[in-house]
Structures are given as structure tokens and as C-alpha cells.
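Grab a pencil and work through these exercises with the structure open beside you. Each task comes with a solution that goes step by step.

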Amino acid sequence: MSELGAVVAVWRREFIVFRREVSRVVSSIVSPLMWLFLFGAGVGGTVEVGGEHYQAFIFPGIVIMATLFTSMFYGVYIIWDRKIDVLKAVLVAPVSRVAIFFGKVLGGCTDALLQAVVLLLVGLFFVSYTPLGLLAAAGIVLLTSIAFVALGLGIGAFFESLEGFQLIGTFVVFPLFFLSGALYRLDQVPGWLRVLSRVDPVTYAVDALRGVLLGLNVFPLSLDVAILAAFAALAVLGGSLSFGRMK
Amino acid sequence: MTAVIRTEKLTRDFGKTRAVDSLDLEVEAGEVFGLLGPNGAGKTTTVGMLTTTVRPTSGTAVVDGHSITKEPGLVRRSVGIVFQELSLDGMLTGRENLELSGQLYGVARAERRRRIAELLELVDLSARADSQVKTYSGGMKRRLELARGLLHRPRVLFMDEPTLGLDPQSREVIWQYIAAMAEAEGTTIVLTTHYMEEAERMCDRIAIIDRGRIIREGTPEALTTALGGDVVRVRAARIDEAALRALPFVSKLQLEPGGATIAMERASVNLPALLAALGPIDAIEVRRPTLNDVFLASTGRHIRDEAATGTWLDDAMRLVVQGDRR
């Protein structure tokens, strides 16, 4: 019972902080919008994909991008929390690491989900979808977010110094994003890129969301969701183990 | 009296360094116990082991009836911790920090509310309770940490250097709060410090610790009285060691570069005789012994080897020594 209380307590803390960090919340929404309106409009002037305007085509990819970045960096942020000793008092409390981990995962998912919902509503300018479509989209975002918050926490627990931020950004988050087909069609790329994109779990999140919102999925929706769910389960397992061992 | 903490050959190595070396100590319920020693003496590691965040290399301890090695979860419930580094959440308000801690320690909602109001009052933070902690001064943060440490009514509150980095006035204020809390709550307090005034002022009993070992243990009065009478420090070009040792009232003599520290009985009566034996001197200081003298007598070193060891004569001695090196 107190374990559950601890999960809720950590979650609550994360939500309070999220509400207070207005600048972070605003920028986390503004930068995907710039991709959409500036990048999307620029490229969209000359390109059309699958019968859709380019802006509409990349819209699901941009929502997943925002989810990926918010989730991963939320997780990796514990490097900083440990640096300034915010976590120290939490870690000596008589609750398990797993409870703290799940509280953190829920906190990160809440951030990512709220942000994605705002983006999805803005998306009504380019894409039309049903309320059911919105619900399905939110489900995909949630699953993606669970996976990458857990992965971020797991990786963040590894690093002692702040250089971890940079490394993870350059060598993990950006490749995951660029390989995912968020910005291009997966069935028209060179063979090597096709292979790489298939081992990128983000590919399946993008594909699923594109399927739900535009009907343009390359893989069956059930396969997308199954792979995503399996990856999320693995990330939660690995992340909680790494978090448990964190010094 | 019953022991609320009892350690048995508690030992911790970091690589080849033995940070804590077969520590045996007992802390009685309700007392304020001090671990006094220089930086790196093993104080923080000892607290880490007693609060289950550091695993002992060998040996064990019992805290509030629970073994730190076998029942760490129960030990964690029994203790409160005030860390050396501030560990508050700056984004949260003072009240929210206490709320979070209360929830993590499983304090029921109604009790939590009541307790938080009571403790905020005790540390005089009620008026600022709903401001974010990042807007607090250093002293306010310390006070909030004290309140947080006590929130779940721990049997033992550990405070690791509770006034480190504070200016003298804030330190004085924190001492008053600690004393008030010890009185109001009756909690056993274990504090580590390298400030001897802090140990002298706050603690019922002290263990002086150096290089992971306890070198003296007892009440501050007993420790200083055991040195025998008063402490006289002189600065002189030449000290006649044999003449001084011949004096019946000199109980200890320690030669230092540029002078000597002498422990003697009844300085008020015997000082003229001492001066006669000393011959020409440049400066003299007579005072009651401090815990630093206890440490000095046992180790030949000062508790704080860095600058500012208290009296003006230390500064004078240091100048002489530096002058010699040039």
C-alpha cells in the first residue's frame, strides 16, 4: 500500500514541476509546431506523399518526434536531479526503487501525453480524424512514451556526469528519430536505410500513428502495436533494473 | 538507559582506503551524540552505513532494534536524515517538500497535515511555506531540512554537518532550532561535525574520530577536563624542554614550530612559576582546554588543518612557521 502511495507521491511531484516549468512546456510544443508549419510548408511546396500534402504526411511523425524527445530527455534528466541531490532524499525513504521508477515513468508519460494531445488538436488544420482516431492516437503516444521514458531513465541512471545529456542526444535520440521514417516514406528509400529503419522501434510508432490518422501505414497496425508494446515492456524491465542499481 | 544504536566492528573500505575501521560505539536513547573529527575522518561513511545507504565491508550495527545489514527497510523507517549537501526540491514549495517526504514515509494524510503545520511552526517557516524552496535563503533551507528529517517521527535523527557552509549567525540560529527540536521531540540525535564549538554546545556525548577510528569518547566536559587544568600556548624562539618538564604542575608538553602548547594545573596560581621557567617569550595565551586540544593531545594534529583554527595565537604560529620556510 505504501509502495503505491510512493508511486503516486512521485507522480504528483513530477506533475507539479511540469505545471511550474511553463517555459519548458511551451518550448516542447513550439518546436514541433515549427517543424510542422515552417519545415512542412517549405518542403510541402514541392513534395506530395501518398496523395497527401507533405505537412499532413509528416504530422504523425512530428507528434511521435515530440513524444520521443520529451520522453527520453525527461528520463535522462535524472542525471541532473542526482547532480543537484533532488533525488537523494527520495532514495533513502523506506520505499522500493521500483516504486520510484514507476512514479517517474507515469510523470514523464503525463508530460508527453498532454503535449501530444495539444499537437493532435492543432493537427486538425491538416488532418481530419474521428474522436475514436484521437483516442487511438493517444494510446499509441502513451505506449511510445512509456517505452522511451523508461529507456531514458535506464540510460540516465548509468551516467554520473552531465555529458550524458549530449551523448544521448547525439547518439540515441537523433538517430532514432531520423531512421524512423517520420519525415519520409519507408517504401521508397535505399535498401540499407530500410534495414536500419526496421530495427528502430520509433518506426513502428510513426507507422501506427500514420495508419490511425491517415491510413498510410506500411506495416499492419497490429504488428506495429505488438512491436511497440514488446519494446515498451523490455524498456520498463531494463530501465527499472538499471534504476535499481543506480548509485 | 537503553542503547538505540550499537555498532560492532563496523568497517568500510573504499578500494585500499579503510574509511571506517572496526567502529564500536553505543548511542543512548534520547541523547544528542556527536561524531567529531576532521574532514575525511569517516563520519559521513559511518552515518551512511547506519542509514543503510552504504554497505559495511564487515561488521554490523543495530539501530532501533533492527540490523542494518539484515533489515535495512525497517532501519530506514526508524531513522531520519539531514544530509550534508542540501537535498530539497527547489521547484516545490516548502510545504510540498514536506508533503512528498511524508507520503514516501507512509505518514497518513491527517497526521501529515497536522505534523507539517507543527514542524513549520517549530522552524519558523509557516509564513514562507508556500513559496518555492529555490527562493529560500541557505539558513531557511537548512531549517526546512531539519523539519523534513523529523516529519515521520524517527527514533533517531542523523544530521551530517548540519551547519556546514553557514555563516556564524545562521549557525547560531540552527543550533537553537536543533536544541528546541531535541527538547520538543525527545528524538535521539546523532550529528557529525568538524566544528568543535558545535560539538561542545550541542552534544551530550561525543566520540572523537580520526582516520576511521574512535580516539576518545565521553561528555565534552569529561574529555576536556581529562586533559588536566588549563592550556597555555607560548610563542618563543627557544623552549627549554627539560626545565618545563621538571615543573610539578605541568601535565603535558607539546613542542611546536615556534613555540609550545602546555597543559597545566591551576594556571591562575602557577603561571608566574611557569613564566620564570620559560625565560624570554614573545607571546602567551592562557585558556580553558577545548575539544581541539583533546584531538591535538591524541593525534598531534589539529581538527581543522586548514586555516582558521580558532585563536589568534594559531595565526601567529602559522606566520612564524611560514617565516621559517622562507
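**Exercise 1: the largest pocket**

Task: find which helices and strands each supply at least two residues of the lining of the largest pocket.

Solution. Start with chain A, where helix H4 (78-83), helix H5 (88-91) and helix H6 (97-122) each give at least two residues to that lining. Then go to chain B, where strand S1 (3-14), helix H1 (43-50) and helix H2 do so too. Keep in mind that this is a predicted model.

Next, ask which element gives the largest share of this lining. That's H1(B), with 5 residues.

Now look at the whole lining: 41 residues surround the pocket, and A:Lys88, A:Val92, A:Lys247, B:Thr53 and B:Val54 lie nearest its centre. Sort the lining by class and you get 18 nonpolar, 9 polar and 14 charged residues. The volume of this pocket comes to about 1100 Å³.

**Exercise 2: where the chains touch**

Task: work out how many residues each chain brings to the contact, and what holds a place on the side of chain B.

Solution. Step one is the head count: chain A brings 22 residues, and chain B brings 22 residues as well.

Step two is the area. About 2000 Å² is buried between chain B and chain A, with 62% of it on carbon and sulfur atoms. On the chain B side, B:Arg76, B:Met91 and B:Leu104 supply 29% of the area buried against chain A, more than any other three residues.

Step three is the polar side of things. Between the two chains there are 3 salt bridges. In one of them, B:Glu85 pairs with A:Lys88, and their closest N and O atoms are 2.5 Å apart. You'll also find 6 residue pairs in polar contact between the chains, counting pairs with both residues at pLDDT 80 or more.

Step four is to see which elements of chain B take part. Helix H2 (72-78) and helix H3 (94-104) of chain B each give two or more residues to the side that touches chain A. H3(B) has the largest share there, 5 residues. By class, this side of chain B has 9 nonpolar, 6 polar and 7 charged residues.

**Exercise 3: the enclosed spaces**

Task: say how many cavities of 30 Å³ or more the whole structure has, and describe the lining of the largest cavity.

Solution. A search of the whole structure turns up 3 cavities of 30 Å³ or more.

Take the largest cavity, which holds about 250 Å³ of space. Its lining has 23 residues, with A:Ala89, A:Val90, B:Leu100, B:Leu104 and B:Arg148 nearest the centre. Two or more residues each come from helix H1 (2-20) and H5 of chain A, and from strand S7 (79-82), H3 and helix H5 (138-150) of chain B. The largest share, 4 residues, belongs to H3(B). Split by class, the lining has 11 nonpolar, 6 polar and 6 charged residues.

Then try the second largest cavity, with a volume of about 50 Å³. Chain A lines it with A:Ala9, A:Arg12, A:Arg13 and A:Ile16, while chain B adds B:Leu92, B:Glu96, B:Glu99, B:Leu100 and B:Gln103. H1 of chain A and H3 of chain B each supply at least two residues of this lining. Its classes come out as 4 nonpolar, 1 polar and 4 charged.

Terms used. Residues numbered from 1 in each chain as written. Chains lettered and ligands numbered in written order. Predicted model: local features only at pLDDT ≥ 70, side-chain atom pairs only at ≥ 80, totals over all residues. Heavy atoms only, no water. Contact = heavy atoms within 4.5 Å. Buried area = accessible area lost by both parts, 1.4 Å probe. Salt bridge = Lys/Arg side-chain N within 4 Å of Asp/Glu carboxyl O. Polar contact = N/O pair within 3.5 Å; in protein donor to acceptor, adjacent residues only side chain to side chain. Nonpolar A, V, L, I, M, F, W, Y, C, P; charged D, E, K, R; others polar. 1 Å grid on protein atoms, 1.4 Å probe; cavity = no way out; pocket = protein on both sides within 12 Å on 5 of 7 lines; lining within 4 Å. Points joined across faces, edges and corners; volume = space filled by probe spheres on them.
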